[in-house]
Amino acid sequence: MKVIVLGTAAGGGLPQWNCACELCTRCRRGELAPRTQDCVAVSATGRDWFLLNAAPDLRAQLTATAELAPGPARRQTPLRGVLLTDAEIDHTLGLALLREGAGLTVWAPAPVLGALSTALPLREVIGQYHDWAWRVAAPAFTLDDGRLECAVFPLSGKRPRYAQAQPSAPDWVVAYRIRDPATGGVLAYAPCLATWPPGFSEFVADADCTLLDGTFHTAGEMSHVTASATNEQRRMGHIPITESLPLLNGGTTRWCYTHLNNTNPVADPASPQHRAVTTHGTHIPADGARFTL
């Protein structure tokens with residue numbers, strides 16, 4: 001299984017367009033590498049690719065990635081579908097950028113599919129261009145004619161701000177576990193992890209690589225950097241690295257923090273926070289990182 005980490009930032013990216021915090025300012029000066037919003041591409045063969053989430057930065061991510069270039073026919077694309085972990089705008093808005101692509105399939109939890117028909121009607125908008133398939137991400141399903149096996153783990157019932165009027169459900173946010181039966185390689189993907197729920201350790205136990213929620217470094221990070229309300233970060237539903245890092249077991253799993261907020265000091269490779277994470281044996285991949293599992 002081939003894995004390309006297209007983007008590694010939380011909503012807004014790094015730098016964030018309306019933020020003049022230290023990291024965003026340094027990024028604009030060229031002192032830090034920019035990061036686009038979280039998105040991953042996976043393939044069993046290197047020919048047919050599936051996206052994990054669809055960031056607003058998707059056009060730039062696709063054009064920067066040779067494996068995802070169109071061809072050989074003029075309108076032929078290697079993209080086959082998208083798996084959504086949730087209904088957040090920074091994970092779904094990129095679907096609109098794919099509206100000219102025919103024959104795509106979108107998998108998502110049932111509440112997310114519902115929200116994309118009502119609260120944020122992307123399904124109806126895209127339907128004016130092409131008739132995609134929209135499928136509930138069941139507990140288990142396959143991609144690419146069985147070449148990849150997917151499992152789904154419900155993480156939380158956190159709804160996006162725009163979907164607060166939608167019915168509550170325990171699977172508004174999910175994690176994916178993708179296995180290549182030909183090699184036995186396993187990728188786990190959980191960019192939005194509010195807590196470390198019971199059963200999650202078992203779900204990712206045999207993963208060769210786990211892309212994990214690294215949005216914030218500490219619980220009070222946003223209030224310190226942006227002078228925002230202390231409870232605003234808590235409502236966003238992201239366990240801070242200082243709480244999840246001690247829970248990462250050793251073994252053979254390659255733990256990688258992704259979905260970094262523009263306030264997160266681990267985005268600076270020279271920071272003591274970054275060194276503390278990597279000293280633990282955990283990785284902080286840059287945009288464009290590639291794995292073969």
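**Exercise 1. Search the whole structure for disulfides, then check Cys21 and Cys27.**

Start with the cut-off: a disulfide is a pair of cysteine sulfur atoms within 2.5 Å. With that rule, the search of the whole structure turns up zero disulfides. Now take Cys21: the nearest cysteine sulfur, that of Cys19, is 3.5 Å away, so Cys21 is in no disulfide. Next comes Cys27, whose sulfur sits 7.1 Å from the closest cysteine sulfur, in Cys24, and that is too far for a bond.

A word on what you're looking at: this is a predicted model, where local features need pLDDT of at least 70 and side-chain atom pairs count only at pLDDT 80 or more, while totals for chains, interfaces and linings use all residues. Residues are numbered from 1 along each chain as its sequence is written, and side-chain values use heavy atoms, with hydrogens and water left out.

One last step: are Cys21 and Cys27 buried or exposed? Buried means under 20% relative accessible area, exposed means over 50%, and partly exposed is in between (1.4 Å probe, protein chains only). Cys21 has a relative accessible area of 8%, so it is buried. Cys27 counts as buried too, at 8%.

**Exercise 2. Find the largest nonpolar core and look around Leu98.**

First, the term: a nonpolar core is a set of buried Ala, Val, Leu, Ile, Met, Phe, Trp, Tyr and Cys residues joined through side-chain atoms within 4.5 Å. In soluble globular proteins, nonpolar side chains tend to be buried together. Here, the largest core holds 66 residues, and the ones with the most contacts inside it are Leu51, Leu95, Leu98, Phe200 and Leu212.

Zoom in on Leu98 and skip its neighbours within four places in sequence. Leu98 is then in contact (heavy atoms within 4.5 Å) with Leu51, Leu58, Leu62, Leu79, Val82, Leu104 and Trp132. There's also a second, separate core of 26 residues, which includes Leu83, Leu143, Val174 and Cys256.

**Exercise 3. Describe the two largest pockets and their linings.**

You'll need the grid rule: on a 1 Å grid over the protein atoms alone, a pocket is an open set of points where a 1.4 Å probe fits, with protein on both sides within 12 Å along at least five of seven lines, and lining residues have an atom within 4 Å of a point. Points are joined across faces, edges and corners, and a volume is the space filled by probe spheres set on them.

Step one is the largest pocket, with a volume of about 800 Å³. It is lined by 36 residues, and Glu88, Asp90, Lys158, Arg161 and Met236 are the closest to its centre. Helices here are DSSP runs (H or I, at least four residues), as are strands (E, at least two), numbered from the N terminus. The largest share of this lining, three residues, comes from α3.

Step two is to sort that lining by class: Ala, Val, Leu, Ile, Met, Phe, Trp, Tyr, Cys and Pro count as nonpolar, Asp, Glu, Lys and Arg as charged, and the others, Gly among them, as polar. That gives 12 nonpolar, 16 polar and eight charged residues.

Step three is the second largest pocket, at about 590 Å³. Its lining has 20 residues, with Leu62, Thr77, Leu97, Leu98 and Glu100 nearest the centre. By class, there are 11 nonpolar, four polar and five charged residues. Helix α2 (residues 58–63) gives the largest share, four residues.

**Exercise 4. Pick out the unusual backbone spots.**

Keep the background in mind: most residues other than glycine have a negative phi, and most peptide bonds are trans. Begin with the peptide bonds. The one from Leu14 to Pro15 is cis, with omega near 0°, and Pro15 is in the loop between β1 (2–7) and α1 (22–28). The bond from Gly71 to Pro72 is cis as well, with omega near 5°.

Then turn to phi. Asn53, in the loop between β3 (49–52) and α2, has a positive phi near 70°. Asp145 has a positive phi near 55° and lies in the loop between β7 and β8.

Finish with accessibility: Asn53 is buried, with a relative accessible area of 0%, whereas Asp145 is exposed at 78%.
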